[in-house]
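Reader: I am in my first year and still learning how to read a protein model. Could you take me slowly through one part of this one, and then show me what surrounds it?

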Amino acid sequence: MENGLEINPMAQNYTTANAYLAIDGGTANCNTTVNGILGKTTKIMVRMYLQEYSGSTWKTIDNWSSTKTGTMISFEKTATVSKGSKYRVKADITAYAGVERESITKYSSVISY
């Protein structure tokens, strides 16, 4: 970090990757979207975790995985959550260009419910 600016390496096998969480009436809607690079990205793998803040740590309460051949994935799951906690989605993403792979982790915003 220099002059308050954080420098991150540029993505090689994808253009955008995001994790989202919305909670409505005790139902958590978890979503991860990844856009690859046309003509380069060949496969995208996602493992998505719904996490609850418990004590002083994040605890996984549900998880799902999906793999899609091609350049885009939008992966959505729902789960039941209880009031009185904080929740987030963690997404471990691997984007492939042939045998070359690139792994990243994305987090949604934290939601207090």
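In what order do the elements of the protein chain run, from the N terminus on? And, as the part I would like to see closely, which strands form the open sheet, and in what order?

Author: Before anything else, please keep in mind that this is a predicted model. Read from the N terminus on, the elements of the protein chain run β-β-β-β-β-β-β-β, which agrees with the count of 0 helices and 8 strands. The chain has 113 residues, of which 35% count as buried, and its C-alpha atoms fill a box of roughly 45 × 40 × 20 Å along the principal axes. Among the contacts with a separation of 6 or more, 61% come from residues 24 or more positions apart, and several examples of such contacts will appear below.

Now to the part you asked about. The open sheet consists of 3 strands in the order E1-E2-E5, and their pairing is antiparallel. Strand E1, residues 14-24, and strand E5, residues 72-80, stand at the edges with a single partner strand each, so one side of each has no neighbour in the sheet. If direction is ignored, neighbouring strands of this sheet are turned by 10 degrees against each other on average. As a general point, the strands of a sheet pair through backbone hydrogen bonds, in a parallel or an antiparallel way.

Let us follow the two pairings one by one. E1 and E2 are paired in the antiparallel sense over 10 bridges, and within this pairing leucine 21 stands opposite cysteine 30 in E2. These two strands make a hairpin with 2 residues between them, where glycine 25 takes a positive phi near 60 degrees. On the other side of the order, strand E2, residues 27-36, pairs with E5 over 9 bridges, again in the antiparallel sense, and here threonine 27 stands opposite threonine 80 in E5.

One residue of E2 deserves a longer look, namely threonine 32, which belongs to that strand. Threonine 32 has a relative accessible area of 0%, and it therefore counts as buried. Leaving aside its neighbours within four places in sequence, threonine 32 is in contact with Asn18, Ala19, Val46, Met48, Ile73, Ser74, Phe75, Ala91 and Ile93. From strand E5 we can add alanine 79, which counts as buried because its relative accessibility of 11% is under 20%. The C-alpha atoms of alanine 79 and cysteine 30 are separated by 8.0 Å, although the two residues are 49 residues apart along the chain. Not counting residues up to four places away in sequence, alanine 79 touches Gly26, Thr27, Ala28, Leu50, Asp62 and Trp64.

From the sheet we can step outward to strand E7, residues 100-107, where isoleucine 104 has its place. Isoleucine 104 counts as buried, at 17% relative accessibility. Its contacts, apart from neighbours within four places in sequence, are Tyr14, Ala17, Ala91, Asp92 and Ile93. Isoleucine 104 and alanine 17 are 87 residues apart in sequence, yet they lie 8.8 Å apart in space, C-alpha to C-alpha.

Strand E3, residues 43-54, offers another place to pause, since glutamine 51 lies there. Glutamine 51 is buried, with a relative accessible area of 6%, and its side chain takes part in a polar contact of 2.7 Å with that of arginine 88. Another polar contact, of 3.3 Å, joins the side chains of glutamine 51 and threonine 60. With residues up to four places away in sequence left out, glutamine 51 touches Trp58, Lys59, Thr60, Lys86, Tyr87, Arg88 and Lys90.

The aromatic rings come last. A search of the whole structure finds 1 aromatic pair. It consists of tyrosine 53 and tryptophan 58, whose ring centres lie 5.1 Å apart and whose planes stand at 65 degrees, so the pair is edge-to-face. Tyrosine 53 counts as partly exposed at 35% relative accessibility, and tryptophan 58 counts as partly exposed at 22%. There are also lysines placed over rings: lysine 43 lies over the face of tyrosine 96, at 4.6 Å from the ring centre, while lysine 90 lies over the face of tyrosine 49, at 5.5 Å from the ring centre.

Methods. Residues numbered from 1 in each chain as written. Predicted model: local features only at pLDDT ≥ 70, side-chain atom pairs only at ≥ 80, totals over all residues. Heavy atoms only, no water. Pairing = 2+ DSSP bridges. Helix = DSSP H or I, 4+ residues; strand = E, 2+ residues; numbered from the N terminus. Axes fitted to C-alpha atoms, helices over the stretch in contact; angles between N-to-C directions. Buried < 20%, exposed > 50% of the residue type's maximum accessible area, 1.4 Å probe, protein only. Contact = heavy atoms within 4.5 Å. Polar contact = N/O pair within 3.5 Å; in protein donor to acceptor, adjacent residues only side chain to side chain. Phe/Tyr/Trp six-rings, centres within 6.5 Å; stacked < 30°, edge-to-face > 60°. Lys NZ or Arg CZ within 6 Å of the ring centre and 35° of its normal.
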